Every structure is written in C-alpha cells, then in structure tokens.
Number of protein chains: 2
Amino acid sequence: MSRNQQRMPTIATVAALAGVSRQTVSNAVRAPHRVSPDTLLRVQTIIREVDYRPNRSARALQARSTGLLAYRCHRPEETENLVLDRFLHELCRAADEHDHHITLVSPISTDQELAMYRELYRSGRVDGFVLSGTHPNDQRLTGLVDEGIPFVSFGQNWDAPRASTWVDVDGASGTRQATEHYWRSGHRRIAFLGWPDDGAVGGHRREGYREAMASLRLEPIEASCFDRLESAEAAASTLLALTDRPTAVVCVSDTAALGCSWAAQKMGIAVGAELGIMGFDDSALTLIARPGLSSIRQPTDLVAQTLMDRFIGLQHSEAPTGTLLAPSLVHRGSS
Amino acid sequence: MSRNQQRMPTIATVAALAGVSRQTVSNAVRAPHRVSPDTLLRVQTIIREVDYRPNRSARALQARSTGLLAYRCHRPEETENLVLDRFLHELCRAADEHDHHITLVSPISTDQELAMYRELYRSGRVDGFVLSGTHPNDQRLTGLVDEGIPFVSFGQNWDAPRASTWVDVDGASGTRQATEHYWRSGHRRIAFLGWPDDGAVGGHRREGYREAMASLRLEPIEASCFDRLESAEAAASTLLALTDRPTAVVCVSDTAALGCSWAAQKMGIAVGAELGIMGFDDSALTLIARPGLSSIRQPTDLVAQTLMDRFIGLQHSEAPTGTLLAPSLVHRGSS
DNA sequence: CCCGTTGACTTGAACGTTCAAATGATACAC
DNA sequence: GTGTATCATTTGAACGTTCAAGTCAACGGG
C-alpha cells in the first residue's frame with residue numbers, strides 16, 4: 001500500500017497553531033461544552049483555516065470501531081435485484097445519518113460468504129453486517145450468531161427469531177390487503193398466482209391470501225409458477241381460461257404479475273377494466289408494464305432506517321429484536 | 001462509538017506466544033522470506049492457533065491508506081441503473097482482487113457530491129473515488145482534479161481527457177458494428193433511433209451509425225426520442241410508418257429499442273423476421289422484451305478491472321491515462 | 001484560613017501496526 | 001585475525017486519535 005495522500009493537518013497541527021494541547025482540540029471537536037468559549041472560538045477558527053478533519057483511521061484504531069457495515073453486493077442475475085437496489089440506496093442514506101458507511105462485498109459462492117464475513121470482522125475492517133434475503137436454514141444467520149459477530153438482517157431469522165435482530169415485511173399482510181381491496185371494489189372471484197415450491201416468503205404471501213379469502217367466505221382459486229415471465233404467463237393463461245374466470249389476480253411477485261398481464265392481453269382481456277392484477281415488490285418492472293402495474297410495496301426506506309437504528313442499538317448492547325413491518329398497496333392502471 | 005468488539009489477538013499476542021518480537025511476526029505475515037524457515041513455521045502455527053489477523057485500522061493509520069474506494073450509490077430512479085448495477089458488481093470483484101473494497105455514498109444533490117467527496121478524502125475515510133456517468137462540464141471531474149484527489153472514472157473526462165484517468169466504452173464502435181452487421185445480413189434500409197438532445201454519449205453513438213452508413217454508401221434514416229418507453233414507441237411508430245419502411249433499427253439505448261419493439265408489434269410487424277432491432281447496454285430490459293432484445297453490450301467487467309488496475313497505478317504515481325474499450329454485439333431474437 | 005468542589009486545560013499512555021535503525025551472529029575474503 | 005558483507009532478529013519511534021489521570025487556579029462555605 002503506497003502512501004499517496006499529501007500530508008494533511010492533524011490534531012497536533014491545530015493544537016500548535018491555537019496554542020493549546022491536543023486534547024483541547026479533541027474536546028473542541030467532540031465535546032465543545034468542555035472548552036471555554038474563547039479558546040473554543042480560537043480553536044474553531046484555526047480548524048477552519050487549515051481545513052482540519054479528524055482522521056478516521058486513527059479514531060477507528062482507538063475506538064476499535066470503523067463505522068463501516070458490510071453488505072453483500074447482489075449478483076446481477078438475481079431477480080430480487082430490483083427491490084434490493086432500492087433497499088441498498090435507502091440503507092446508505094440511513095447509515096449516513098448515523099455517521100456510518102456501507103461497504104460492499106462480493107463472495108463468489110455461498111460457502112465463501114460466511115468465511116469472508118468472519119475475515120472482514122476479525123481483521124477489524126467492519127463493525128458488522130447487514131444481510132438480506134434470509135431463508136430458513138440460513139448458514140449465515142447461525143454462523144454469525146455463533147461467532148458473536150454483530151449483524152442485522154432484512155428478512156427474518158427463520159430458525160431462531162429471538163437470536164438476532166431483523167426487520168422484515170409482513171408478506172401475508174400485503175396479500176391480505178390486496179385481496180380485501182379487490183373485495184371492497186366488488187370482485188368476488190379473486191385468484192392467487194404463487195410460487196410452487198413455497199419457501200418461507202412465498203408461503204406467507206399465499207397464507208395472507210388464503211386467510212383473507214376464508215374470512216370473506218370466498219373460494220380460493222390458486223395457481224403456481226416459477227419466478228420467470230414465461231412460466232407466469234403460462235400459469236396465468238390456465239387461470240384465465242377457467243369457465244368461471246377470475247376478475248382479479250393477486251400475484252406473489254411483479255414477475256408473476258407481468259406474466260399474468262401478458263397472458264390477459266394475449267387473450268384479449270382488458271387489464272384494469274376486465275381484470276385486476278396486483279404485483280408484489282413494486283419493482284422497476286411495474287413501470288415497464290402497460291397498463292402500469294399495481295403492486296404491493298415494501299417500505300424499504302423504513303426497513304433500512306430501522307435496521308440501522310437497531311444496529312447502533314446492538315453496539316450499545318441492546319437485546320436482539322425482530323420487527324415486522326406492513327407493506328402498502330400502490331395503485332396503477334392494472335387494479 | 002462504542003467499543004463492542006471482543007478483544008482480538010494482536011501482533012503482540014502472537015509475538016509473545018511464539019517467543020519473537022512484533023516485527024518478526026509482521027515479517028512472517030508480509031515478507032516471509034525475511035524470516036528463517038523454522039521461526040516462520042513456529043509463528044505461522046501460532047497465528048493459525050489463535051486465528052490472528054492484522055488489524056486493518058492500525059495498518060491504515062500507519063500506511064495512510066485505507067484500501068477503500070468510494071462509489072456513488074446510484075439513485076433508484078435513474079434508468080442507467082440497470083447497466084451500473086452490473087458494473088458495481090464487477091467493480092467489487094475487481095477491488096477485491098487488489099485487496100481493496102468499495103464503500104457507497106449517497107449524496108442528496110449534485111452540489112453536495114463534491115463536498116462529500118472532499119470530506120471523505122480529507123478525513124482519510126477513503127483512498128479515492130470511482131465515478132460513473134461523467135458528462136461534459138462535469139463539476140466532479142474538475143473539482144477532484146483541482147484538489148488533487150485520486151479518482152478514476154467510468155466515462156471520459158470530456159473537458160480534459162489527459163487530466164485524469166478514465167475508461168470508457170466506444171459508443172461509436174458499437175453502433176458502427178451494429179450497422180455493419182445489418183448490412184452484412186442483407187439489410188439496406190437501416191435506421192437509427194437516438195436521443196434528441198444528444199449529449200456526449202448519445203452523440204457518439206449517433207456518430208458511429210452515420211460513419212458506418214456513409215462508408216456503406218447508404219442514406220441515413222434518423223429519428224429521436226427521450227429515454228422513456230412511450231416516447232420511444234411514438235418515435236418508432238413514425239419511423240415504421242414511412243413508405244419505404246426501414247428493415248432494421250439501431251437504437252441508442254435498450255429503452256429506445258424496447259419502445260421500438262412495442263411499436264412494431266402494435267403495427268403487426270414481426271420483430272426479428274421483418275424488422276431487426278438492436279438495443280444498447282444489454283441491460284435487464286433485454287430479457288423482458290419478446291422476442292429477446294439484441295443489444296450492444298458494454299464490457300463492464302473489463303471496465304471495472306481496468307479502472308481498478310489504473311487506480312492502483314495512480315497510487316504508485318503513474319500518469320493519468322484514458323482508455324477506450326470496444327463493446328460487442330449480443331444477438332437475441334430481435335436481430 | 002482551610003478544604004472540598006468545580007472548571008479549564010495538559011500530560012502520558014494506549015490503540016495495533018510498520019518503518020528505520022540498531023544489534024548480534026555467522027560466513028567469507030584477505 | 002581483522003574487516004566486511006549478509007542474514008535474522010530486535011528496538012524505538014511514529015502514524016493520529018482518545019482515555020484516564022493529572023495539574024493548576026478560582027470559587028464558595030464553614
């Protein structure tokens with residue numbers, strides 16, 4: 001590592017110029033009330049004059065804390081991208097408010113991931129981690145908990161909800177809201193287009209739909225597809241070919257919803273007027289769809305803020321907490 | 001900042017356990033050849049035993065270099081996202097190879113951006129910056145150059161090409177390749193769908209098309225639209241309504257291309273068979289389009305690698321260089 | 001007048017690393 | 001046997017900050 005930075009003013013520079021000790025300068029910066037008004041002014045003037053800023057590395061060394069959190073840079077192939085992209089942005093913003101920063105890591109494989117985190121933490125590169133896309137039997141969760149490495153996750157700790165701090169969006173609430181919305185709008189044949197292998201996330205979303213349908217005393221109409229457009233289109237075609245065709249479809253994802261929209265258009269069904277379609281995630285896909293795709297929006301901004309608050313809390317040895325936030329409906333042409 | 005990390009083994013711990021001095025341990029880690037084989041083995045054993053890792057903050061302090069580069073987390077609204085997403089991923093990977101990391105910043109406004117960079121650099125948080133999406137009269141470029149802050153950019157330094165280190169993709173080459181490809185496939189009426197306000201990027205792409213058309217002795221057919229689907233669709237409709245309708249369209253972006261594809265489908269023109277469409281950027285949009293959208297792909301991986309190499313070069317006081325890389329065609333259904 | 005308290009400031013040490021210089025030890029040439 | 005080169009290792013200082021303990025003066029109550 002070459003030393004390339006031109007020499008910056010240090011706390012000693014300022015101290016000498018202001019005719020005080022280093023500690024007084026430090027106090028002037030971090031605890032102004034401890035310094036008498038006139039020296040404070042003098043020190044501040046010098047600080048501005050030489051454009052002094054405390055060196056973060058030195059501070060990090062002494063405080064054993066870098067103010068850095070690591071987040072795994074998602075792979076470009078992943079569909080979730082479009083949600084996580086927004087989340088990452090909000091996360092940066094939230095970190096900033098706590099004078100923290102996010103650094104990215106890009107593990108090649110999942111096995112490497114935990115090892116990489118361990119490495120980063122033990123070398124004091126970062127104070128902890130923000131995970132996203134957790135799933136049942138997630139090695140990262142158990143691994144980090146076991147090692148006592150601080151982290152928060154966007155997504156529940158499925159296996160041990162009390163063992164770590166997480167924030168998640170209540171998928172069931174989202175689909176329930178959507179279903180009830182359609183009911184209030186007069187729809188009576190409301191279908192659900194979900195994922196076949198129903199992991200935890202897909203399961204909850206389906207659950208919300210079923211609950212709502214049960215309490216509305218309606219017969220559920222369900223179909224399943226993979227999270228790809230073609231698959232969704234095919235599954236939706238089947239749904240829409242039913243003799244008693246559904247008038248609204250609540251979808252497990254925007255991909256599913258867009259596929260559904262395509263299927264409807266191909267069959268000459270007017271999306272919006274004749275068929276309501278609700279996506280999930282309010283991703284960039286919603287803008288591409290025509291008519292605009294209504295979607296269940298995750299409050300990523302709130303998730304990010306809460307996660308950061310919680311992480312700072314952890315640093316002050318608060319106990320782990322799980323938080324479930326409710327999503328909200330975003331109405332566009334399709335609903 | 002609370003000190004929350006449990007006490008980790010330091011170089012002194014290892015030194016004591018191995019019965020050598022701190023410096024010997026340091027050498028064992030960073031310059032093994034300076035240590036005799038048997039002590040080396042002894043030290044390495046202890047290191048593994050206590051799972052020692054050099055503390056990055058301490059190293060950063062002493063070396064005046066953090067091994068951190070800052071990159072501006074792009075705003076979720078921006079269209080370029082879909083390209084930059086991939087770039088960011090590759091950048092992380094490339095940084096990793098040089099034992100560096102990327103940290104994100106999220107300035108609220110453009111004016112803040114430079115101030116934020118200044119702040120980050122002067123407080124020793126980062127060693128430098130990676131910019132993307134540079135444009136003529138870019139305040140960031142001139143500002144960073146003036147302050148002597150190290151940076152590299154994905155995108156030329158339009159105003160002062162020799163003043164800073166950049167890597168860019170040769171847009172003209174891309175559209176030229178596309179145009180020539182269509183010519184070789186037998187097309188003779190090849191149109192270009194560009195941006196109206198032709199900034200530097202759009203201008204170069206248009207340029208490449210015109211050059212190719214000129215050298216092929218074909219009459220250029222041009223239309224313009226904003227980088228939005230509706231706008232592109234409208235402009236493309238006009239193009240396709242010409243009496244002597246073009247048989248291929250080279251587009252300035254994937255958005256333009258997708259809009260064009262929609263227009264064609266609405267007019268009952270078979271995309272692929274009757275009309276070739278070529279996008280630009282090979283973004284996620286290409287996968288959504290049907291038939292799959294052919295596109296001019298920027299070699300983001302190579303860009304990222306080159307940028308990182310160059311940055312490391314800068315640290316060793318190499319002179320600034322500009323590098324232009326050629327994009328390549330990715331063929332899918334639409335061409 | 002003494003003593004405890006408070007406020008403003010200073011001093012030395014510590015955080016964990018690496019650089020630069022110093023110390024021995026061994027080997028080799030003359 | 002002396003001088004010189006090389007190698008393995010150690011020592012002290014430095015990077016820039018903050019903590020903990022200290023000094024010194026002023027103040028106020030008894």
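The exercises below, each with a worked solution, concern a predicted model of two protein chains and two DNA strands.

**Exercise 1. The surfaces near the DNA**

Determine which residues come closest to DNA strand C and which come nearest to DNA strand D, and identify the elements that supply each surface.

Solution. Begin with DNA strand C, which is surrounded by 24 residues, the closest being A:Ser21, B:Ile11, B:Ser26, B:Asn55 and B:Ala58. Two or more residues of this surface come from each of helix 2 (22-30) and helix 4 (56-63) of chain A, and likewise from each of helix 1 (11-18), helix 2 (22-30) and helix 4 (56-63) of chain B. Sorted by class, the surface near DNA strand C holds eight nonpolar, eleven polar and five charged residues.

Turn next to DNA strand D, where A:Ile11, A:Ser26, A:Asn55, A:Ala58 and B:Ser21 come nearest among the 24 residues around the strand. Here at least two residues each are supplied by helix 1 (11-18), helix 2 and helix 4 of chain A, and by helix 2 and helix 4 of chain B. The classes in the surface near DNA strand D are eight nonpolar, eleven polar and five charged.

**Exercise 2. The surroundings of strand 4 of chain A**

Work out which strands pair with strand 4 of chain A, in which sense they run, and whether the residues on its two faces are buried or exposed.

Solution. First consider the pairing with strand 3 (residues 128-132) of chain A, which runs parallel to strand 4 of chain A and is joined to it by four bridges; within this pairing, A:Val130 has A:Val152 as its bridge partner. Strand 3 of chain A, helix 7 (residues 139-147) of chain A and strand 4 of chain A together form a β-α-β unit that is right-handed.

Then consider strand 5 (residues 165-169) of chain A, which pairs with strand 4 of chain A over three bridges, again in the parallel sense. In this pairing A:Thr165 of strand 5 stands opposite A:Val152.

Finally, examine the faces. Side chains in a regular strand alternate between the two faces of the sheet. In strand 4 (residues 151-154) of chain A, A:Phe151 and A:Ser153 lie on one side and A:Val152 and A:Phe154 on the other, and because each of these residues meets the criterion of 20 or more other C-beta atoms within 10 Å, all are buried and both faces are covered.

**Exercise 3. Where the chains meet**

Establish how many residues each chain gives to the contact between chains A and B, and trace the strand pairing that joins them.

Solution. The contact takes 49 residues from chain A and 49 residues from chain B. On the side of chain A that touches chain B, the elements giving two or more residues are helix 4, helix 5 (81-97) and strand 2 of chain A, with helix 5 of chain A providing the largest share, eight residues. By class, this side of chain A has 18 nonpolar, 19 polar and twelve charged residues.

The strand pairing follows: strand 2 (residues 101-105) of chain A runs antiparallel to strand 2 of chain B and is joined to it by three bridges. A:Thr103 has B:Thr103 as its bridge partner, whereas A:Ile102 is partnered by B:Leu104.

Strand 2 of chain B is also joined by five bridges to strand 1 (residues 68-72) of chain B, which runs parallel to it, and there B:Leu69 is the bridge partner of B:Ile102. From strand 2 of chain B, B:His101, B:Thr103 and B:Val105 point one way and B:Ile102 and B:Leu104 the other, and all are buried.

Terms used: Residues numbered from 1 in each chain as written. Chains lettered and ligands numbered in written order. Predicted model: local features only at pLDDT ≥ 70, side-chain atom pairs only at ≥ 80, totals over all residues. Near = placed C-beta within 6 Å. Nonpolar A, V, L, I, M, F, W, Y, C, P; charged D, E, K, R; others polar. Buried ≥ 20, exposed ≤ 12 C-beta atoms within 10 Å, placed from the backbone. Pairing = 2+ DSSP bridges. Right-handed = clockwise from strand over helix to strand, strands pointing away. Contact = placed C-beta atoms within 7 Å.
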